[in-house]
Amino acid sequence: MIGVFGGTFDPIHFGHLRTALDVMQGVGLEEIRFIPLHGAVHREQPLAAADLRLEMVRLAIRPQAGFVVDDREIQRAGDSYTVDTLASLRQELPRRRLCLLLGMDAFSGFADWYRPDEILELAHLIVMHRPGEQGPEDPRIKRLIETSRVSTSKQLLAQDHGSILFQPVTQLEISASKIRNLLDQGRTPRFLLPAAVLQFIENKGLYRTNHTK
Ligand code: ATP
């Protein structure tokens, strides 16, 4: 089974990488595909150009077997809808099962995504969560949890699609916006993201509006 991890990755950081590894090892996935979005649908647009965000993901995942970068959303251009991404993966890999990795925040808004029912026809959901964390309030999501939640990765692996697994992951208080803010203030985000990514950011002068290198 392939884990699909979409995001702006503006830039990618250890919060993304460690949680993806927790899921890959905890659930027993063959690989995790990091898919940087081209155009954001639910949030403001990324600051760094798509090809630079893609390159940062490439640099970040290089040391980890099973981590793969996938540029299909960037190649497709325009708004990036998850349902289109999953449909194209399904077409390309008809025999591989797919599961979509989501943070609890993203899962809370899942009912308002574009074609959530179709997404569940194409993939499972793995919700990366903090133990003891409050679940979503949306009654549509509560219903979905009641009907589709499984409690073990074995149960997930036994189904083709449409199941939901809550997977506890390491909690790292790191966000891309925090990293961008540090850089913009002329401070270093060292130890929040891989050194190779920071080197790339510095070489390209990314995320600095007020400060020169
Ligand atoms: P920003 O600060 O710009 O909003 P971000 O750090 O949240 O960015 P995204 O690329 O938007 O990064 O996130 C992609 C996915 O990674 C989302 O599902 C998000 O919930 C998850 N994610 C981001 N940071 C962490 C973290 N520290 N721990 C676990 N998951 C994270």
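## Sheet, helix 2, aromatic cluster and ligand contacts

Strand 2 (residues 31-36) and strand 3 run parallel and are joined by 3 bridges. Within this pairing, I32 of strand 2 has F67 of strand 3 standing opposite. The description that follows concerns a predicted model.

**The sheet.** The two strands belong to an open sheet of 7 strands, whose pairing is parallel and whose order reads 3-2-1-4-5-7-6. Strand 3 (67-69) and strand 6 (149-150) stand at the edges of this sheet, and because each has a single partner strand, one side of each is left without a neighbour there.

**Helix 2.** How does the span of helix 2 compare with what its 12 residues should give? At 1.5 Å a residue, helix 2 (residues 50-61) should span 16 Å, and its end C-alpha atoms lie 17 Å apart, which agrees. Of its 12 residues, 9 are buried, so helix 2 is largely enclosed by the rest of the structure. The buried residues are A50, L52, R53, L54, M56, V57, L59, A60 and I61, and their packing partners are strand 2, strand 3, helix 1 (14-28), helix 3 (72-76) and helix 10 (195-204). Strand 2 and strand 3, already met as bridged neighbours in the sheet, are thus also among the elements against which the buried residues of helix 2 pack.

**Aromatic pairs.** A search of the whole structure returns 7 aromatic pairs. One of them is formed by F9 and F34, a tilted pair with 6.0 Å from centre to centre and 55° between the planes. F9 lies in the loop between strand 1 (2-7) and helix 1, whereas F34 lies in strand 2, so the pair ties together parts that are 25 residues apart in sequence. Are these two residues buried or exposed? Both F9 and F34 are buried. Ring pairs also link F9 and F34 with F5 and F67 into a cluster, and F67 is the residue that stands opposite I32.

**The ligand.** There are 18 residues around the ligand, of which H13, L172, I174, A176 and S177 come nearest. Three polar atom pairs between protein and ligand are set out below.

| Residue and atom | Ligand atom | Distance |
|---|---|---|
| H16, polar side-chain atom | oxygen | 2.9 Å |
| L172, polar backbone atom | nitrogen | 2.8 Å |
| I174, polar backbone atom | nitrogen | 2.9 Å |

L172 and I174, which are among the residues that come nearest to the ligand, thus appear in the table through backbone atoms, while H16 appears through a side-chain atom.

Definitions and conventions
Residues numbered from 1 in each chain as written. Predicted model: local features only at pLDDT ≥ 70, side-chain atom pairs only at ≥ 80, totals over all residues. Heavy atoms only, no water. Pairing = 2+ DSSP bridges. Helix = DSSP H or I, 4+ residues; strand = E, 2+ residues; numbered from the N terminus. Expected span 1.5 Å × (residues − 1). Buried < 20%, exposed > 50% of the residue type's maximum accessible area, 1.4 Å probe, protein only. Contact = heavy atoms within 4.5 Å. Phe/Tyr/Trp six-rings, centres within 6.5 Å; stacked < 30°, edge-to-face > 60°. Near = heavy atom within 4 Å. Polar contact = N/O pair within 3.5 Å; in protein donor to acceptor, adjacent residues only side chain to side chain.
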